[in-house]
Amino acid sequence: MPRTRASASHLFVPHKASRTQRRAARAGFADAHRQARRAEAPPRHRAQETADPELRPVYPPAGRPGPASARGGKLRLPAHRMTTATASGAYPFVAEGGLGAEGVFIGRDVHAEAAFCFDPFSLYGSGRIEGFTNPNAVLAGIIGMGKSALAKSIATRSIAHGYRIYIPCDPKGEWTSVAQALGGYSIALGPGLPGRLNPLDAPARPASVSEDDWASEVRKRRLLLLAGLARTVLKRDLLPMEHTALDLALDLVIAEAAARGTVPLLGEIAHVLGSPQRLDQALGNSSGHLGTAAQDVAHALRRLVHGDLSGMFDAPSTVAFDPTAPMLSIDLSRLGGAGDDTALVLAMTCASAWMESALADPAGGRRWVIYDEAWRVMRHVGLLERMQSQWKLSRGLGIANLMVIHRLSDLLSAGDAGSRGRVLAEGLLADCSTRIIYRQEPDQLDAAASLLGLTGVETQAVSALTKGRGLWKVAGRSFITQHILHPAERELFDTDARMSA
């Protein structure tokens, strides 16, 4: 299509023309010049001019003219105020004052660009945060994102604040070097190792409890421990006659140990359970059926004395529990390596019962109890019941429990919906006022959002977290925090040493 060319030139105006005629000539020339420029414009400009008036822009490309253009500070809108709690409903990561400067230094608040400190005991005691009802916490994150480093960093820095650290189960043995470096100690249990723990040791009696009441309390703890061990091995609940057999066997062994001035042992309990005549005689039952009914329980406890767990709990304790030590860990890395967690669960049950002597002391101060690799115990109801007891009594005992898992869906592996294990696992999560979520895989985001009640913005943030960065939900308040490690901590907490050259 040929391009239209147009031009305009000055008109000749006679010299004797009047002023009015000259002005009209200049106006005509200007109009002709404008028409020529319009004719020379590109086709798109002509298309815009001939477009439907309804489709034309309301304002020119330069913007709305006049004072309402929001240029020059002339825009005036009515004032609207809201609290950060209300604003966080639309966007949860509102830059705020954080949790305060009191407590353990964790790292940097990404949005507020300030230091982030955390102390569950201080937060609970001050009442600054509404809804913070307990000091318990859960830490979840995939492998390699730094969750183990965070747990160890919290433990290490808490010691500087006067807190003590207990690790009742260390399935990988990663806490041994940390405990030794901080002046604590670690007890390694396993076949062929010299360490021995007698789970029937009686803890020290508190000064406020009478001897008779304390003896009754110790007997109850021992009976619950024996029943838990038997249930774990038998993989079923005990029958009423089996409970009676355990009760009678424990009383017989305690009486004999008291006469000798010693402490009862698991081997002695198993021996009495395997003697039907002694049980029937103790019960005073001439039918002679109690001893026969206790044979399954006798064989279950015999495993800890002569089976694959022999040499760990069949003798008096070779170590004494020192409640003044800054850190104590139970190294169980030599158990459960073949895919069967039964040995690990039995050992952890015994170690937990042995460690409860310090947790029950009301004068023991503030303590952290860290369950590392807690996903391995989620399938065992007996351990979940022990953990639930510590979670419920955390405020009265002065302890803060920290459960470390890989995925939030690990809590769902405790059993089918409505089962006892599933209810216990979900109850543990509900009793944690602090939830720390490191990066989760895309297929785990729905489960995490459902269990924790994450918003869409929080769920999107969890999927894009980098190493050492986590979402902290503290009683409904959300923070994105970057964990900062000291060089000495980085070297001490390195779990990838074998992967490096």
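Two exercises follow on this predicted model.

**Exercise 1. Classify the ring contacts of F116 with W472 and with F479, and locate the partners.**

Step 1. Start with the total: the model has five aromatic pairs. One of these is F116 with W472, at 5.1 Å centre to centre and 65° between the planes. Angles over 60 degrees count as edge-to-face, so F116–W472 is edge-to-face.

Step 2. Place the two residues. F116 sits in strand β2 (residues 114-118) and W472 in strand β10 (residues 469-474). They are 356 residues apart, and the pair links distant parts of the chain.

Step 3. Check burial, for which the cut-off is under 20% relative accessible area. F116 has 1% relative accessibility, so F116 is buried. W472 also has 1%, so W472 is buried.

Step 4. Turn to F116 and F479. Their ring centres are 5.3 Å apart, with 55° between the planes, and the pair is tilted. F479 belongs to strand β11 (residues 477-483), so this pair ties β2 to a part 363 residues away in sequence. Both F116 and F479 are buried.

Step 5. Assemble the group. F116, F118, W472 and F479 make up one aromatic cluster.

**Exercise 2. Describe the largest pocket: its volume, its lining and the helices that supply it.**

Step 1. The largest pocket holds about 930 Å³ of space.

Step 2. Its lining has 36 residues; L224, E356, G382, E385 and R386 are the closest to the centre.

Step 3. Assign the helices. α7 (211-234), α13 (342-359) and α14 (381-392) each supply at least two lining residues. α7 gives the most, with ten.

Step 4. Sort the lining by character: 14 residues are nonpolar, nine polar and 13 charged.

Notes: Residues numbered from 1 in each chain as written. Predicted model: local features only at pLDDT ≥ 70, side-chain atom pairs only at ≥ 80, totals over all residues. Heavy atoms only, no water. Phe/Tyr/Trp six-rings, centres within 6.5 Å; stacked < 30°, edge-to-face > 60°. Helix = DSSP H or I, 4+ residues; strand = E, 2+ residues; numbered from the N terminus. Buried < 20%, exposed > 50% of the residue type's maximum accessible area, 1.4 Å probe, protein only. 1 Å grid on protein atoms, 1.4 Å probe; cavity = no way out; pocket = protein on both sides within 12 Å on 5 of 7 lines; lining within 4 Å. Points joined across faces, edges and corners; volume = space filled by probe spheres on them. Nonpolar A, V, L, I, M, F, W, Y, C, P; charged D, E, K, R; others polar.
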